[in-house]
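The following paragraphs lead the reader through one molecular structure, from single residues to helix packing and the surroundings of a ligand. Please keep the sequence and the structure in view while reading.

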Amino acid sequence: MAHESSLLDVKGLRIGFPGHGPDLIEVVKGIDFTIGTETVALVGESGSGKSLTARALMGLVARPGQVTAERLSLAGDDLLGLSARQWQQVRGTRLSLVLQDPRYSLNPVLKIGTQVEEALVLHTRLGRRERREKVLDMLDAVGLPDPASLYHSYPHELSGGMGQRVMLAAMLINDPRLLIADEPTSALDSGLRDQMLELILRLVRQRGMALLLISHDLPLVARYCDRALVMYRGRIIDRCRATELATSSNPYTRTLWSCQPSAQTYGQALPTLDRSLIEELS
Ligand SMILES: Nc1ncnc2c1ncn2[C@@H]1O[C@H](COP(=O)(O)OP(=O)(O)O)[C@@H](O)[C@H]1O
Ligand SMILES: [Mg+2]
């Protein structure tokens with residue numbers, strides 16, 4: 001359902017890789033969805049195509065991967081056929097991606113301040129002093145203590161939770177319209193997960209942004225997001241309000257929900273997915 005208010009509009013998105021034969025092996029098989037100013041979760045088993053979808057939205061699917069779509073637009077602007085340089089501009093200013101583990105996203109030899117500031121250096125004309133002010137404000141906004149000294153710290157001096165907050169600061173510094181977060185909390189201890197997600201959602205809502213959250217933690221999604229898209233083998237096979245994940249009429253979604261390991265089910269065998277049902281769906 002493409003409506004004018006949608007920020008991101010995706011239709012017929014396909015992602016394939018060359019196989020042994022002449023045909024591409026499609027791993028994302030023509031998906032449609034829109035995102036307005038809201039928080040949408042993309043859930044599904046490992047390998048269903050969630051991360052590749054996120055990368056395609058950022059123009060980051062590397063060769064030999066091939067991305068095609070009937071429509072891919074952000075706030076009405078066509079993203080199909082952008083040059084590498086144009087994509088870089090879009091990524092630095094209108095779209096941001098937060099990944100799972102800050103250890104792979106932060107550069108170990110650059111100071112925190114330099115890394116958070118980078119998008120401002122590349123994409124704005126702000127002077128040094130204004131940039132520094134903005135960085136300190138942003139570090140404060142993501143709940144990091146003592147921004148002024150943190151500015152001069154290096155990534156190895158931070159805990160994983162703090163590193164993830166620095167990443168978030170770097171991703172939000174240019175006020176993107178859409179934040180894509182791919183399993184942003186799965187490298188964190190369970191106690192920190194809710195905190196981090198609550199922080200992301202608070203900032204996204206305060207700033208009137210949209211969020212696409214990739215997660216396999218369905219109860220977390222149900223607690224925090226507006227809507228959910230359920231992906232299976234490269235297709236979106238269910239869409240519902242996040243609070244309705246547990247009671248969806250789709251058997252795959254219900255099974256995915258009941259497969260969640262939890263304190264209550266710890267040590268018990270997890271239910272298996274009923275493949276015959278799923279084959280009918282896909
Ligand atoms: N560079 C690649 N070349 C070939 N296949 C890939 C590549 N990257 C991912 N895939 C395949 O695409 C499918 C979807 O991957 P991904 O989007 O990472 O899944 P998810 O994030 O849902 O776990 C997987 O089956 C994976 O093996
Ligand atoms: Mg993934």
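Does D175 count as buried or exposed? In this predicted model, D175 has 12 C-beta neighbours inside 10 Å. A residue with 12 or fewer such neighbours is classed as exposed, and D175 therefore counts as exposed. The residue is located in the loop that runs between α7 and β8 (178-182). Its backbone deserves attention as well, for D175 has a positive phi of about 55° although it is not a glycine.

D146 can be described in similar terms. It has a positive phi of about 50° and is likewise not a glycine. D146 belongs to the loop between α5 and α6 (147-150), and it counts as exposed because 10 C-beta neighbours lie inside 10 Å. Another backbone feature is found at the peptide bond from R63 to P64, which is cis, with omega near 5°. P64 itself is part of the loop between α1 and β4 (66-68).

The overall composition gives these loops their setting. The protein chain contains 11 helices and 11 strands. Of its 282 residues, 36% count as buried. Among contacts between residues at least 6 apart in sequence, 66% join residues at least 24 apart.

One of the buried positions is L139, in helix α5 (residues 128-141). L139 counts as buried because it has 24 C-beta neighbours inside 10 Å. Beyond its neighbours within four places in sequence, L139 is in contact with V116, L144, P147, L150 and A169. The pair L139 and A169 is 30 residues apart along the chain, yet their C-alpha atoms are separated by 6.0 Å.

The packing of helices places some of these contacts in context. Helix α4 (residues 112-123) packs against α5 at an angle of about 120°, with the two axes 10 Å apart. That angle makes α4 oblique to α5, and the crossing of the two helices is right-handed. On the α4 side the contact is made by G113, V116, E117, L120 and V121, and on the α5 side by R131, K134, V135, M138 and L139. By class, this contact has 6 nonpolar, 1 polar and 3 charged residues.

How does α4 lie relative to helix α7 (residues 160-172), and at what angle do they pack? The angle is about 30°, and the axes are 7 Å apart. Angles under 35 degrees count as roughly parallel, and α4 and α7 are therefore roughly parallel to each other. Here I112, Q115, V116, E118 and A119 of α4 meet V166, A169 and A170 of α7. The classes in this contact are 6 nonpolar, 1 polar and 1 charged residues.

A further buried residue is D217, in the loop between β9 (210-214) and α9 (218-224). D217 counts as buried because 20 C-beta neighbours lie inside 10 Å. Its C-alpha atom is separated by 9.0 Å from that of S186, and the two residues are 31 apart along the chain.

The last site to consider is ligand 1. The residues around it are F17, V27, G44, S46, G47, S48, G49, K50, S51, L52 and G65. Helix α1 (residues 50-57) gives the most to this shell, with 3 residues. By class, the shell has 3 nonpolar, 7 polar and 1 charged residues.

How values were computed:
Residues numbered from 1 in each chain as written. Chains lettered and ligands numbered in written order. Predicted model: local features only at pLDDT ≥ 70, side-chain atom pairs only at ≥ 80, totals over all residues. Near = placed C-beta within 6 Å. Helix = DSSP H or I, 4+ residues; strand = E, 2+ residues; numbered from the N terminus. Nonpolar A, V, L, I, M, F, W, Y, C, P; charged D, E, K, R; others polar. Contact = placed C-beta atoms within 7 Å. Axes fitted to C-alpha atoms, helices over the stretch in contact; angles between N-to-C directions. Parallel < 35°, antiparallel > 145°, perpendicular 65-115°, else oblique. Left-handed = near helix turned anticlockwise from the far one by under 90°.
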